[in-house]
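Please look through the structure below with its chains in view. The paragraphs that follow take up a contact between chains, then the interface around it, the relation between copies, a sheet, and some details of the backbone.

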Number of protein chains: 4
Amino acid sequence: MISVGLIGAGRIASVHARHLRGNNFARIVAVADPHAPNAAAIAGEHGARVAASAEEIIADPAIDAVIIASSTDTHCPLMLAAAKAGKRVYCEKPLASTLAEAYSTYVALGAAADAVMVGFNRRFDRNHAAVQADLAAGRLGKVQTVQITSRGPNTIPSLDYLKVSGGLFFDKMIHFFDMVRWLTGEEPVDVVAFGSVIADPVFAEANDIDTGMVTLRMKSGALCQIENTRRAVYGYDDRIEVLGTGGLIESSRITEGSVMRIIDDKILTEGLPKDPMVRMAPSYSASINAFIDFARSALGREAVPGVKDGLQAQIIAAAADRSLREGRIVKCAEILQSAGIAGEDGLA
Amino acid sequence: MISVGLIGAGRIASVHARHLRGNNFARIVAVADPHAPNAAAIAGEHGARVAASAEEIIADPAIDAVIIASSTDTHCPLMLAAAKAGKRVYCEKPLASTLAEAYSTYVALGAAADAVMVGFNRRFDRNHAAVQADLAAGRLGKVQTVQITSRGPNTIPSLDYLKVSGGLFFDKMIHFFDMVRWLTGEEPVDVVAFGSVIADPVFAEANDIDTGMVTLRMKSGALCQIENTRRAVYGYDDRIEVLGTGGLIESSRITEGSVMRIIDDKILTEGLPKDPMVRMAPSYSASINAFIDFARSALGREAVPGVKDGLQAQIIAAAADRSLREGRIVKCAEILQSAGIAGEDGLA
Amino acid sequence: MISVGLIGAGRIASVHARHLRGNNFARIVAVADPHAPNAAAIAGEHGARVAASAEEIIADPAIDAVIIASSTDTHCPLMLAAAKAGKRVYCEKPLASTLAEAYSTYVALGAAADAVMVGFNRRFDRNHAAVQADLAAGRLGKVQTVQITSRGPNTIPSLDYLKVSGGLFFDKMIHFFDMVRWLTGEEPVDVVAFGSVIADPVFAEANDIDTGMVTLRMKSGALCQIENTRRAVYGYDDRIEVLGTGGLIESSRITEGSVMRIIDDKILTEGLPKDPMVRMAPSYSASINAFIDFARSALGREAVPGVKDGLQAQIIAAAADRSLREGRIVKCAEILQSAGIAGEDGLA
Amino acid sequence: MISVGLIGAGRIASVHARHLRGNNFARIVAVADPHAPNAAAIAGEHGARVAASAEEIIADPAIDAVIIASSTDTHCPLMLAAAKAGKRVYCEKPLASTLAEAYSTYVALGAAADAVMVGFNRRFDRNHAAVQADLAAGRLGKVQTVQITSRGPNTIPSLDYLKVSGGLFFDKMIHFFDMVRWLTGEEPVDVVAFGSVIADPVFAEANDIDTGMVTLRMKSGALCQIENTRRAVYGYDDRIEVLGTGGLIESSRITEGSVMRIIDDKILTEGLPKDPMVRMAPSYSASINAFIDFARSALGREAVPGVKDGLQAQIIAAAADRSLREGRIVKCAEILQSAGIAGEDGLA
C-alpha cells in the first residue's frame, strides 16, 4: 500500500485524489495547501490528515509518494526536495514558470530525476496511446504529417486564472508539444506559431491568445500541426490524426453517447462533452494508476514521462512563444543556446 | 449495338430509357404505350419512333431486346410473346397479377425463360451486392439472421396508384422476398406477416397496409426479418444486415452528402434522400447495363435474375399475403400445393 | 444510509455489490447464499457479515432494503416475505419460473407490490432511456415500428447453465419484452416467435434455441421486431431503432473506443465489447442507484419497473414460448385466459 | 445552345468534354491541341471538328465560349485574346506561370475580365460549398480556425510531370489558397510554409516537395492551416473543417460505398477512392455547368470565380513559395510590393 502525500488542494489536486481512491494499492495520508480549508476538504473526503506544509509531507518518512499539484512556481523546489528525500514524485505540468528554472532543476536532480513522473496525462488516453503504439511499432511506415486538434471547453476562463496560467503555450499546448515528441519519437527542428484573440476579449486583457496554431518540422522532415483553442462553443474536442506512408491513424472525436435521431433532413447524433473532465478523466485516472505502479516498482526504473520530457516540451513552448512574439520561424537550437542548454544531455 | 424496344412509357419506363442512354452498346429504337403522348415524349427525348403497339415492337425483326415496363397484367403475355419471338427481355416486377398466371407463363416459356431477366434492381445495388458476394463466398460462415429494412419515401401514394399496385407485398416487398433468397442462397419454409395502417388512412381505403413486417425461416434455420414501410418521414432508407457465425455485414444507410455540423450539443450530418430515385438510380442503371451485357452475349446463357426467381418471389409474396389475411404462419409448401406447383422443377 | 441485505452471491449478485459500493447512500451489511464461501467472498470484499439465511436477512430490522439475486425459483417467496416485512426490494428478472407463480405472488403482494423493483436494467441504459423519453414525450409522433436487436456475447454458455436458465425467452428476451411495453407505452396483442439452433449444437442439447426472432403487434397497430441471439462472434450488440411518423430514433451500437485507421481500401474503427458487462455495467449501476433512491424515498411511491411490469413481460414470454412450440401466432389474451388472469387489474 | 471551343486535349480537357456532354445547353464544336491526335480523339468522341489552332477557335464567330485547358504558359495570351474577342472563357488554374504575367494580363483584360471564369472546381463541390454557404450566411459566427486537408492520390506522379507542374504550391495548393479566401471572405496577411520530401525521392529530384503545410493569418485574425500531400497511400482525401464562435462545420471524408463489416474486433467500412477523379468529378461537372449557365446569361454579369480570384490565389502561392525558400513568415503585402501590385484594385 503506497502512502501518498498530496501537495496542493485545488481543482486538479481533487481530481487526482478522487482517482487515487479507485486505486487499491494506494491511499492519501496527508494533504497540504497554503489555503487550509481546501486541504481540509480533500483530507476529509479521503480520510487523510491535513499537513502543516508541503515540507512536512516531504519530511514524513511514512509517505512513499508525493503528488505535486500546487502552483507552477512551486513545482521545481518541491520536486527537487521530494525526489532528494527519496519519494516517488508525480508533478503537474509545466515543470516551471521559466525554462531556466526547469533546466537548473533538471541538472540539480541528476539521477534523482528518474523518480519524477510529469503529469502529461494525455499519454495515458487509451485512444491517443493506440496511435502512439502503432507509430512506435512502425505500423504506419514513415510519418508524413501529424495533426493535433484540441479545442474547448465552451466556457471562458476568468481573467484571474488567465493572468497566472502562463499563457496558452505553457499552460495547455505544452501537452501537445509533449505529444508530437511522443508520437513521432523525435525532436522538432523548426517551430512557427500564430495566435489570435477571437473568441473573447478577456484573452487580450490577459495578454494571452485564445486561438493558437503551431507548426513544427521534425528532424526526419515530418510536419506537425497543432491547433489549440481555449474555447469551442460545441464542447471539448481533443484529437490526433497521423498520416504515414503506410496509412492513416486517428484518435477521433469522443461523443457523449450513442443516441441517433433522423429528423427532417438531418441525422443528429450526440455532441461532445462540455466538461473537459468528462473527456479527460480516463486519462487522468490512468496516469495516476501508472504513477502508483511506478511507485510500487523497484528502484532503478525511470519514470515516463519524466523530467527530461517536461523540459523538452518546455523548450518547444519557449520556441513557440518566441515565434509568436517575434513573428518568425524559430529553431529549437536557438532556445537551447539562449538558455545555455545546447549540446548537453542530447537535449533536442 | 443492341436495338431496344420499350413497352410502356410510364415513370419506370422513362427511368430505364434515361439509363439506356448512358450505355454505349444500346439505343432505344421504338416506344409503345396505350397512352400515345407518353410514348411520344420518351421517343422524342431519345430519338426513337413511336410504335403502334407492343405487338409491333415484338414483331419487328430489327429489334434485339425488349423492356417490358407496362402494367402488371400485361407482363405475362408480352414476356411470353417476346421471348418466343427470340428477343432478349427485361421484364419489370412482379411477373404477374396472380401466381397462377406467373406459373403458367413460366411453364409455357420452357427453355425460352432463359431469355427473360426480371427487374429486381436491388440485386445490382453495389452495396447490397457486396453483402451477397460475401455470403456466397462463405466469408461470414453460416447465416444466423438477416434483417432487411426498407422505408419511405416521405410522400403518400395516391389512392388511384394504391388500388392498382397489387398491395405492399406484391408491389414492393417482392424485392425483399427475392433478396432473402438471393442473399441466403436458399428458400423459405415458413412465412409470417404482420401489417398495419399507421402512417395514413389512405392505405386502409385501398385495402392495403403501410407498415409490414414479415419473418421467414429458411431451410437451414436461418431467420430473416423484413420491415417494409410505404412511408418514412425522414426519407428513403434501404438496408441489409446479416449476422453470420463468422461476423456481421451490412449494406448501411446512404446519406445525401458529407457535410457535418456540430451545433450546441448535437452533431448534425446529412439525412437520407427523399426521392427514392436518388437512392435507387445506381441500381437501376446497373441492372439495365447488366441486361444489355446479357443481350450482347451468345445464346445459351441464362438471364439472372430470371423468370424462376420472379416466380419464387411471388410464391413468398402469396404466403405473406395469406399469412396476413388468415392470421397464421404459412408454409411455402401450402402455396405451392394450392397453386398446383408443388414438387415441380425443384421450386421452393 | 440504506443498509442493504444481499440474497444470492453469484455473478449478478457480485455485480450489484460492486455497483452499490459506488453509491454514497447505501452499504451492504449482510450477504446470504446457500453456498457459504460465495457469500463470504462478497461479504469480505464489501465489509459485510455473512447471514445464515435469506430469512435471517429479511427478519433483520436493521436492514432497510433487500436485493434478491438468488436462483429464479426462490424469487417469489423471498420477494413476498421481504415486501411484507416492510423492506424495499430489488428482485432480479424473471419474477418466477412459472407464470402461475408470478401471478399468484402478484396477487398475494397486494399493495406491498409497490415496494418491489424488478431488475430490468436496460431501462436505465442512458441511450435506451433517451429513446423512451422521446417516445413518451411524443417527439416521434405515432410509433410505426420498433426493432430491437440484442446479440452476443461471443462465447457459448455451458450446458449446465442453459439447462437451468429457463430458455432464451424467459432468461434473456424477457428484457426486450419489457422494453417493447416501456418504449411504446402499450401492450402487445399478437405474438409470433421463430427460433433456431445455428451457432452451436449445445443449445439443442439444452432444448433451447440460440437464435430467436419475435414479432409483436401492439394495440395501436405498431409493429415490433426483436432479434435476440445468444451468440455473436463479433461481441455484445444491444440496440433499439424506432420509426415514428415524426422521425427515427436509435440507441446505436457502442464500440470499445475511438481509434480509427485507414489501411489499404478499408476504414477500420474499433469493434464491440466482447464482455457483456462492459456494455451493460452502466445500466446495472444506474438501476442500483435508482433502487437506492427509491429506498430512500418516503413510503407510498411505487417502484418502477415493478412487479406488474415483471408479470406483463412474463406473459409475453409465455406467448412467445407457446408460439414457438405450437408454430402459430398467439394472442396475449390466450395466455391470460389459460393462466386465469384475464380481465383482472387491467393486465394486458 | 452554347457552342464551345475546347483548347487543349489533355487529361483535364477530356474530363471537361465528358462533363459538357451531360449539359443539355452546350456542345463542343471544335477542339485544338498542338498534338493533333489528342484533339482528334476528343473531337471524334464528341462529334466536334479539329481546329487548326487555338487562334482559329478564338476567331470563329460561331463559337460562344472557350475552355482553356492547355499548358499553363498559354493561359494568359489565350484568355486575353478570347475575352477580347467577346467569348465567355473558362480557364484552368493557375492563371499563369508567373505572378507578373498573371497581373499584367489582369490589367490588360480590364472590364473583359468579367467574362473569364477560373477553374477552381472545388468551389462547386456540394459539400465544400455548403461550408462556404454557412459561413457566408454567418451561421457559424466569427471564424476562429480553418483546417483544409487534401491528400493523395496513392500513386506517385512522373518526374516529367513534376518538372512542368509548377510545384505543389502553384499546381495543387492554389486550390486551397483560393478556398481560404472563399471560405473566410477575406485576405491573408501572413503566410508561412513548411515542406518536406517524405513519400518518394522523385519529388526532391523535381525540386518539389510531396508534403506541405501552410498556415495563414487572415485580416480578422482567423487562422488557417492547409495540409496538402501529393501522396496518401489510402486514397484521395479532401476535407475542410471550420471552427466558428457559433459551432463547427466540416466537409468530411467521402468514402467509396456504404458496406460495413464487423469482423473480430474491428468495424470495417469502405475506404476512400484511389482515383482523384472519382472524388472530384462531381465538382468538375458542376463547375462546367456553372460556366455554361454563365455563358447563357446576359452580358454584364461577372464570372465567379474570376481572374481576380485567380490572381489573389497566385499571390498567396507566391508568398508560400517565398516562405518555404527563405524559411520565414512572409506578408502578402511584400509579394504585392515586389510585383508592383500593392495598393491597386483593392488587391489583398
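A salt bridge is taken here as a side-chain nitrogen of Lys or Arg within 4 Å of a carboxyl oxygen of Asp or Glu. By that criterion the side chains of C:Arg253 and B:Glu250 form a salt bridge, with 2.9 Å from N to O, and the count between chain B and chain C is eight salt bridges. The model in which these pairs are found is a predicted one.

The salt bridges belong to an interface in which 47 residues of chain B are in contact with 47 residues of chain C. About 3,700 Å² is buried between chain B and chain C, and carbon and sulfur atoms give 58% of that area. On the side of chain B, the residues that lose the most area to chain C are B:Phe194, B:Ile198 and B:Met213, which together account for 20% of what that side buries.

Polar contacts also cross this interface: 23 residue pairs of chain B and chain C, both members at pLDDT 80 or more, are found in polar contact. Which elements of chain B give two or more residues to the side that touches chain C? They are strand E7 (143-151), strand E8 (188-196), strand E9 (211-218), strand E10 (223-229), strand E11 (237-244) and strand E12 (247-251) of chain B. Sorted by class, the side of chain B that touches chain C holds 19 nonpolar, 17 polar and eleven charged residues.

The relation between these two chains can be put in terms of a rotation. Two copies of a chain are related by a rotation about an axis and a shift along it. For chain B laid on chain C, the turn is 180 degrees and the shift along the axis is 0.0 Å, with an RMSD of 0.1 Å. B:Arg328 comes closest to this rotation axis among the residues of chain B, its C-alpha being at 2.9 Å. Both copies use the same surface, since 100% of the contact residues of chain B recur in chain C.

Chain D can likewise be superposed on chain C, by a rotation of 180 degrees with 0.0 Å of shift along its axis and an RMSD of 0.0 Å. The two copies are therefore related as by a two-fold rotation axis, and in chain D the C-alpha nearest that axis, 2.3 Å from it, is that of D:Leu268. Because 100% of the interface residues of chain D are also interface residues in chain C, these copies meet through the same surface.

Within chain C, six strands form an open sheet with parallel pairing, in the order E3-E2-E1-E4-E5-E6. Strand E3 (49-50) and strand E6 (116-118) of chain C stand at the edges with a single partner strand each, so one side of each has no neighbour in the sheet. Strand E5 (residues 88-91) of chain C is joined to E6(C) by three bridges, the two running parallel, and C:Cys91 has C:Val118 as its bridge partner in E6(C).

The backbone details concern loops. Most residues other than glycine have a negative phi, and most peptide bonds are trans. A:Gly152 and A:Pro153, however, are joined by a cis peptide bond with omega of about 5 degrees, and A:Pro153 lies in the loop between strand E7 (143-151) and helix H7 (159-165) of chain A. Another cis peptide bond joins B:Val304 and B:Pro305, with omega of about -5 degrees, where B:Pro305 is found in the loop between helix H11 (276-296) and helix H12 (307-326) of chain B. A:Asn207, a residue other than glycine, has a positive phi near 60 degrees and lies in the loop between helix H10 (202-205) and strand E9 (211-218) of chain A.

Key: Residues are numbered from 1 along each chain as its sequence is written. Chains are lettered from A and ligands numbered from 1 in the order in which they are written. This is a predicted model: local features need pLDDT of at least 70, side-chain atom pairs count only at pLDDT 80 or more; totals for chains, interfaces and linings use all residues. Side-chain values use heavy atoms; hydrogens and water are left out. Two strands pair if DSSP finds at least two bridges between them. Helices (H or I, at least four residues) and strands (E, at least two) are DSSP runs, numbered from the N terminus. Contact means heavy atoms within 4.5 Å. Buried area is the accessible area (1.4 Å probe) that two parts lose on being put together, summed over both. A polar contact is a pair of N or O atoms within 3.5 Å; within protein, one must be able to donate a hydrogen and the other to accept it, and residues adjacent in sequence count only if both atoms are side-chain atoms. Ala, Val, Leu, Ile, Met, Phe, Trp, Tyr, Cys and Pro count as nonpolar, Asp, Glu, Lys and Arg as charged, and the others, Gly among them, as polar. Copies are superposed by least squares on the C-alpha atoms of residues with pLDDT of at least 70 in both.
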